[in-house]
Amino acid sequence: MADTSSSNLFKNWDYVYQNWDVFELPWVEKDIHPVLAQKIREFASAEGYALDIGCGLGQVSRHLASAGYKVYGIDASDRAINLAKGMTPEGLEIAYMVADSVRFVPEVKFDLVVDFLHLHDIQAKDLSVYIDTLLKISAVGATMITTSLSEKDPTATSTGERDSHFADCKVYYRSSKQITDLFFPYAKLISTEIINVGRGAESYLANLLVFRKTKILGQPPSGCLDTAPVVLP
Ligand SMILES: C[S@@+](CC[C@H](N)C(=O)[O-])C[C@H]1O[C@@H](n2cnc3c(N)ncnc32)[C@H](O)[C@@H]1O
């Protein structure tokens, strides 16, 4: 069985960016997906802090910084982060860092969180901690976007998982309902769409979901009024 400890996953993902022609990786695109760009325009406020989680080479981070957000881009791979920094034009301020998305503790609360094709790489044992992290690091009212392989993709397995073709771990086909239930009752689904991602033999259907955070995690889900977001220690 694969070693899915964080340190091993970090090594695995770094190996991918060290050893593949990165521009051949099926998720690497020059520009962000047009449907993602449209959802950001439609549902986010174009100001404040934005997080590109599992940022890879940083195309989403650069898009968000150009749109006026103060952007953090985090990834498990040191090599990906260095490439992302190199691809970022001078004058575009982005705080890129190597960090574990599952247990990320930033010094700010985010108004927009974008997970583009990262959620399906979160191992089953880490999934609920990861969703709690997304909820803890975002402000009440924040827009949260997830995009991950759809259970409607023809390659989806009956168990909802398969071995990754890249890192030594599993990838998961998660339904909109499964993800929405994990966010409940702290964020509500406001948009859902199935999009085509990747290319060639690595083309897939993915669920692009937009959530609005409505309650602070930890607050009793009893209809109490939301209080102001706090800065993390
Ligand atoms: C399929 S790629 C998508 C990259 C990027 N979002 C894009 O669209 O180009 C998934 C990314 O998640 C990163 N990743 C995987 N596990 C991670 C973790 N626990 N913490 C941070 N990044 C992680 C990988 O290094 C990889 O860059």
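Let's start with isoleucine 145, which sits in strand 5. Setting aside neighbours up to four places away in sequence, isoleucine 145 is in contact with Leu36, Lys39, Val114, Asp115 and Val210. Keep in mind that this is a predicted model. Is isoleucine 145 buried or exposed? Count the other C-beta atoms within 10 Å and you get 21; the cut-off for buried is 20 or more, so isoleucine 145 counts as buried. For a sense of distance, look over at leucine 217: it is 72 residues away along the chain, and its C-alpha atom is 17 Å from that of isoleucine 145.

Now stay in strand 5, which runs over residues 138-149, and find threonine 147. Threonine 147 is buried too, because it has 25 other C-beta atoms within 10 Å. Its contacts, not counting residues up to four places away in sequence, are Leu36, Asp115, Phe116, Leu117, Ala206, Asn207 and Leu208. Serine 5, on the other hand, is 142 residues away along the chain, and the two C-alpha atoms are 23 Å apart.

One of those contacts, leucine 117, deserves a stop of its own. You'll find leucine 117 in the loop between strand 4 and helix 5. Its phi is positive, about 65°, even though leucine 117 is not a glycine. Being in a loop doesn't leave it exposed: leucine 117 has 23 other C-beta atoms within 10 Å, so it is buried. Compare alanine 46, another non-glycine residue with a positive phi, in this case near 60°. Alanine 46 lies in the loop between helix 2 and strand 1, but it has 13 C-beta neighbours inside 10 Å and so counts as partly exposed.

Let's go back to Val114, which we met as a contact of isoleucine 145. Apart from residues within four places in sequence, valine 114 is in contact with Ala50, Asp52, Ile53, Val60 and Ile145. Both Ala50 and Val114 turn up again in the largest nonpolar core, which has 60 residues. They are among the residues with the most contacts inside that core, along with Phe110, Leu112 and Val113. Which element gives the most to this core? That would be strand 9, residues 202-213, with six residues.

Next, the helices. Helix 3 is mostly covered, with seven of its eight residues buried. The buried ones are Gln59, Val60, Ser61, Arg62, His63, Leu64 and Ala65. What do they pack against? Their partners are helix 2, helix 4, and strands 1, 2, 3 and 4. After helix 3 comes glycine 68, with a positive phi near 110°.

Helix 4, residues 78-86, has Ala80, Ile81 and Ala84 buried. Look down the axis of helix 4 and these buried residues fall within an arc of 100°, so they line one face of the helix. The reason such patterns can arise is simple: an α-helix has 3.6 residues a turn, so residues three or four places apart point the same way. The buried residues of helix 4 pack against helix 1, helix 3, strand 2 and strand 3.

Over in helix 5 there is leucine 135. With 21 C-beta neighbours inside 10 Å, leucine 135 counts as buried. It touches Tyr186, Ala187, Lys213 and Leu217, leaving out residues up to four places away in sequence. Just before Tyr186 in the numbering is a spot worth a look: a cis peptide bond joins phenylalanine 184 and proline 185, with omega about 5°. Proline 185 lies in the loop between helix 6 and strand 8.

Finally, let's turn to the ligand. There are 21 residues around it, and the ones that come nearest are Trp13, Gly54, Gly56, Ala76 and Ser101. Helix 1 and strand 2 are the elements that give two or more residues to this shell. What is the shell made of? Twelve of its residues are nonpolar, six are polar and three are charged.

One last thing comes from a record: an unreviewed UniProt entry annotates residues 51-132 as "domain: Methyltransferase". In this model, that span is 28% helix and 26% strand, and its end C-alpha atoms lie 15 Å apart.

Notes
Residues are numbered from 1 along each chain as its sequence is written. This is a predicted model: local features need pLDDT of at least 70, side-chain atom pairs count only at pLDDT 80 or more; totals for chains, interfaces and linings use all residues. A nonpolar core is a set of buried Ala, Val, Leu, Ile, Met, Phe, Trp, Tyr and Cys residues joined through C-beta atoms within 7 Å. A residue is buried if 20 or more other C-beta atoms lie within 10 Å of its own, exposed if 12 or fewer, and partly exposed in between; C-beta atoms are placed from the backbone. Helices (H or I, at least four residues) and strands (E, at least two) are DSSP runs, numbered from the N terminus. Two residues are in contact if their C-beta atoms, placed from the backbone, lie within 7 Å. A residue is near a molecule or strand if its C-beta atom, placed from the backbone, lies within 6 Å of it. Ala, Val, Leu, Ile, Met, Phe, Trp, Tyr, Cys and Pro count as nonpolar, Asp, Glu, Lys and Arg as charged, and the others, Gly among them, as polar. The arc is that of the directions from the helix axis to the C-beta atoms. UniProt positions are given in the numbering used here, feature names are shortened, and annotations may be inferred rather than shown by experiment.
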